Amino acid sequence: MRSWWIALALVPVVGWAATAPQADEAALYREECGSCHLAFPAGFLTAAEWQRVLDRLDRHYGSDASLEETKRQTLLAYVRRTASNGAEELPGARNPAEPLPRLTHKPWFIHEHRKVAAFQQHPEVRTLVNCAACHTRAAEGSFREREIVLPGGRRWED
Amino acid sequence: MSRPPLLLLLLSLPLTGQAASAAELLTRYQQEASQEQSGFAPSAERGQAFYRHRFGVHPQMHSCMACHTEEPTKPGRHVITGKAIAPLAPTAHAERFSDPAKVEKWFRRNCTEVVGRLCSAAEKADFIAFLLSKGG
């Protein structure tokens with residue numbers, strides 16, 4: 001009978017150990033992919049789009065973001081696990097001859113930001129992919145309308 | 001009256017907290033630079049001139065200041081993405097220069113983009129000397 005209790009006690013330990021590498025992957029993603037811009041929620045791109053990005057880190061939207069191969073492989077595992085299921089993949093995303101995918105070309109992104117394009121001129125914003133400029137909980141992966149505070153302090157009112 | 005070498009001044013500071021790591025890195029780069037240039041001593045003035053120099057290599061990243069602003073004790077902002085950047089001076093942000101691998105990574109990336117080449121050990125030493133001179 002006692003072996004049952006031991007097995008039960010080990011469940012949280014095993015559970016923790018099983019998720020520890022996933023937590024490491026997420027932490028690496030935030031560290032390596034969140035220095036120059038927000039570490040975009042991996043679900044913003046499909047797995048195929050992520051593959052393109054991570055295969056071309058040396059030409060990362062105008063910068064050289066290349067990484068050691070072991071880290072790149074860890075990030076590939078992370079985005080494959082957390083990418084979107086592909087319903088809204090950009091046309092040409094799987095074609096290496098096409099430019100890298102851009103959030104600003106995603107129909108859902110364009111739709112959500114259709115009323116705020118002018119804010120790109122604001123010096124604190126600069127680009128619509130500077131999520132944290134208005135999305136006060138972007139770093140936690142939350143983009144709810146009620147959390148939006150525009151530059152100057154005004155809350156978003158639709 | 002001659003001024004004591006900056007290194008001696010820095011070594012006289014209490015070696016506590018993260019400032020010690022920045023000072024250790026400074027010593028390391030200074031030693032490396034001395035191998036290429038005997039008698040090398042880090043200079044905060046040279047570091048400041050380097051920090052403010054407009055290299056004209058990258059269309060937006062004209063200098064360190066493009067992202068880190070004219071005052072490295074103040075928060076910066078990425079010139080392209082707009083993302084907020086913590087102050088570069090260790091006196092304003094304690095973890096700066098505490099991780100040698102991270103420091104080397106960012107010297108490699110930023111020097112390549114802004115300066116158009118890798119920075120020398122002497123330039124890195126001067127740079128850290130300048131940042132350490134920005135008292136908090």
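Rings of Phe, Tyr and Trp, taking the six-membered ring for Trp, form a pair if their centres lie within 6.5 Å. Keep that in mind as you look around this predicted model.

**Stop 1: a cluster of rings in chain B**

Select Tyr29(B), Tyr51(B), Phe107(B), Phe127(B) and Phe130(B), and show their side chains. Ring pairs link these residues into a cluster. Over all chains, the structure holds 10 aromatic pairs.

**Stop 2: two helices that cross**

Now colour helix H3 of chain B, residues 44-52, and helix H6 of chain B, residues 121-132. How do their axes cross? They come within 7 Å and cross at roughly 95°. Angles of 65 to 115 degrees count as roughly perpendicular, so H3(B) is roughly perpendicular to H6(B).

Next, pick out the residues that make the contact. From H3(B), select Ala44(B), Arg46(B), Gly47(B), Gln48(B), Phe50(B) and Tyr51(B). From H6(B), add Glu123(B), Asp126(B), Phe127(B), Ala129(B) and Phe130(B). You have already met Tyr51(B), Phe127(B) and Phe130(B) in the ring cluster. If you colour the contact by residue type, you will find 6 nonpolar, 2 polar and 3 charged residues.

**Stop 3: a charge over a ring, and an unusual phi**

Stay in chain B and show Trp106(B) together with Arg109(B). Arg109(B) lies over the face of Trp106(B), at 5.1 Å from the ring centre.

Then select Phe97(B), in the loop between strand E2 (84-85) and helix H5 (100-115) of chain B. Phe97(B) is not a glycine, but its phi is positive, at about 65°. Is this residue buried or exposed? Its relative accessibility is 9%. Buried means under 20%, so Phe97(B) counts as buried.

**Stop 4: over to chain A, and a helix with buried residues**

Move to chain A and colour helix H2, residues 47-55. Which of its residues are buried? Among them are Ala48(A), Glu49(A), Trp50(A), Arg52(A), Val53(A) and Leu54(A). To see what surrounds them, show helix H1 (2-33) and helix H3 (69-82) of chain A: the buried residues of H2(A) pack against both of these helices.

While H3 of chain A is on display, select Ala77(A), which lies in this helix. At 31% relative accessibility, Ala77(A) counts as partly exposed. Now add Glu25(A) and draw a line from C-alpha to C-alpha. Ala77(A) and Glu25(A) are 52 residues apart in sequence, but 7.9 Å apart in space.

**Stop 5: a pair of rings in chain A**

Zoom in on Trp108(A) and Phe109(A). The centres of their rings are 5.8 Å apart and the planes are at 70°, so this pair is edge-to-face. Switch on the surface and compare the two residues. Trp108(A) is partly exposed, with a relative accessible area of 30%, whereas Phe109(A) counts as buried at 3%.

**Stop 6: after helix H4**

Follow chain A past helix H4 (107-112), and you arrive at His113(A) in the segment after that helix. His113(A) is buried, with a relative accessible area of 15%. What does His113(A) touch, leaving aside its neighbours within four places in sequence? Select Leu128(A) and His135(A) to see these contacts.

For your last selection, choose Arg126(A), which is also found in the segment after H4 of chain A. Phi of Arg126(A) is near 75°, a positive value in a residue other than glycine. Arg126(A) counts as partly exposed, at 31% relative accessibility.

Methods:
Residues numbered from 1 in each chain as written. Chains lettered and ligands numbered in written order. Predicted model: local features only at pLDDT ≥ 70, side-chain atom pairs only at ≥ 80, totals over all residues. Heavy atoms only, no water. Axes fitted to C-alpha atoms, helices over the stretch in contact; angles between N-to-C directions. Helix = DSSP H or I, 4+ residues; strand = E, 2+ residues; numbered from the N terminus. Parallel < 35°, antiparallel > 145°, perpendicular 65-115°, else oblique. Contact = heavy atoms within 4.5 Å. Nonpolar A, V, L, I, M, F, W, Y, C, P; charged D, E, K, R; others polar. Phe/Tyr/Trp six-rings, centres within 6.5 Å; stacked < 30°, edge-to-face > 60°. Buried < 20%, exposed > 50% of the residue type's maximum accessible area, 1.4 Å probe, protein only. Lys NZ or Arg CZ within 6 Å of the ring centre and 35° of its normal.
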